[in-house]
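This report describes the fold and selected local features of a single protein chain. The model under discussion is predicted.

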Amino acid sequence: MQYPPTSARPQLGLFDGLMSASFAPFATPLAPARDEDETDVLGELAVSGSTTRCQRLLIPILRELSDSTDSRWLTLVAPPSILGSRWLRDASLKRDRIIVLHSRDATHARELACKALASGQSHTVITWLGELDAKARLGLRAAAVKGNAQNLNVRLDT
């Protein structure tokens, strides 16, 4: 049984990026159509299922980003308690390349994320801000452009 998409935004299938990368030597990638003002600095990932499943899906993303050749930080803003320091260590991530910022509330988390993005000290800022409204998207995108960084907002629907 198929369910209709919950969002009006188009979504890339879980393995589409992997499959297209494996065919890269044989095909010329097409440039996506985008507005001149739009940049690819803000991404979102919605993960649902058990806590263990969510953790397993995040490990390769975090490992790839912590292994980046960019000398700047990978910053995690307001991660859920399931992604504590022990879990980060057990996931074999490069802890010396990761900063974890905790917040008091959602507003504080957005402020921390914008500051981390705009500072230019992080190559990627991963946030757990829930569903983003248009104002939050604009603020995060502007901060990321200013700091030459990327933002990935993760929504855990466990």
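How many helices and strands does the secondary structure of the chain come to? The assignment gives 5 helices and 5 strands.

## Overall architecture

In this predicted model, helices and strands follow one another along the sequence in the pattern α-β-α-β-α-β-α-β-α-β. The chain has 158 residues, and 33% of them are buried.

Contacts in the chain with a separation of 6 or more are accounted for to 78% by residues 24 or more positions apart. The accessible surface amounts to about 10,600 Å², and carbon and sulfur atoms contribute 55% of that surface.

## Strand β2 and its partners

Strand β2 covers residues 73–77; 4 of its 5 residues are buried, so the strand is largely enclosed by the rest of the structure. On the pairing side, β2 runs parallel to strand β4 (residues 122–127), to which 5 bridges join it. Thr75 has Val125 of β4 as its bridge partner. Strand β2 also runs parallel to β3, and 4 bridges join these two strands. Here Leu74 is matched with Ile98 of β3.

In a regular strand, side chains alternate between the two faces of the sheet.

## Helix α5

Does the extent of helix α5 call for comment, and what span should its 14 residues have? At 1.5 Å a residue, helix α5 (residues 134–147) should span 20 Å, and the C-alpha atoms at its ends are 20 Å apart, so expectation and model agree. The buried residues of α5 are Ala136, Arg137, Leu140, Ala143, Ala144 and Gly147. Viewed down the axis of α5, these buried residues fall within an arc of 140°, and therefore they line one face of the helix. An α-helix has 3.6 residues a turn, so residues three or four places apart point the same way.

The face of α5 turned away from the buried side carries Ala134, Lys135, Leu138 and Lys146, which are exposed. Cover for the buried residues of α5 includes β1 (42–48), α4 (106–119) and β5 (150–157). After α5 comes Asn148, with a positive phi near 50°.

## Two residues of strand β5

Asn151 is located in strand β5. Its relative accessible area is 3%, so Asn151 is buried. The side chain of Asn151 is joined to that of Thr127 by a polar contact of 3.5 Å. When neighbours within four places in sequence are left aside, Asn151 is in contact with Val41, Leu42, Gly43, Leu117, Val125, Thr127 and Leu140. One of these contacts, Leu140, is also among the buried residues of α5.

Arg155 likewise has its place in strand β5. Because its relative accessibility is 18%, and the limit for a buried residue is under 20%, Arg155 counts as buried. The C-alpha atoms of Arg155 and Glu44 are separated by 7.7 Å, although their positions lie 111 residues apart along the chain as a sequence separation.

## Loop residues

Asp105 is found in the loop between β3 (98–101) and α4. Is Asp105 buried or partly exposed? Asp105 has a relative accessibility of 41% and therefore counts as partly exposed. A polar atom of the Asp105 side chain lies 3.2 Å from the backbone nitrogen of Thr107. Asp105 and Leu129 are 24 residues apart in sequence, with a C-alpha to C-alpha distance of 9.7 Å.

Positive phi values also occur in loops. Ala78, which is not a glycine, has a positive phi of about 55°. Ala78 lies in the loop between β2 and α3 (85–90), and at 17% relative accessibility Ala78 counts as buried. Ser92 has a positive phi near 60° and is likewise a residue other than glycine. Ser92 is placed in the loop between α3 and β3. With a relative accessible area of 54%, Ser92 is exposed.

How values were computed. Residues numbered from 1 in each chain as written. Predicted model: local features only at pLDDT ≥ 70, side-chain atom pairs only at ≥ 80, totals over all residues. Heavy atoms only, no water. Expected span 1.5 Å × (residues − 1). Buried < 20%, exposed > 50% of the residue type's maximum accessible area, 1.4 Å probe, protein only. Arc of directions from axis to C-beta. Contact = heavy atoms within 4.5 Å. Polar contact = N/O pair within 3.5 Å; in protein donor to acceptor, adjacent residues only side chain to side chain. Areas by Shrake-Rupley, 256 points an atom, 1.4 Å probe, with all protein chains shown as cover. Pairing = 2+ DSSP bridges.
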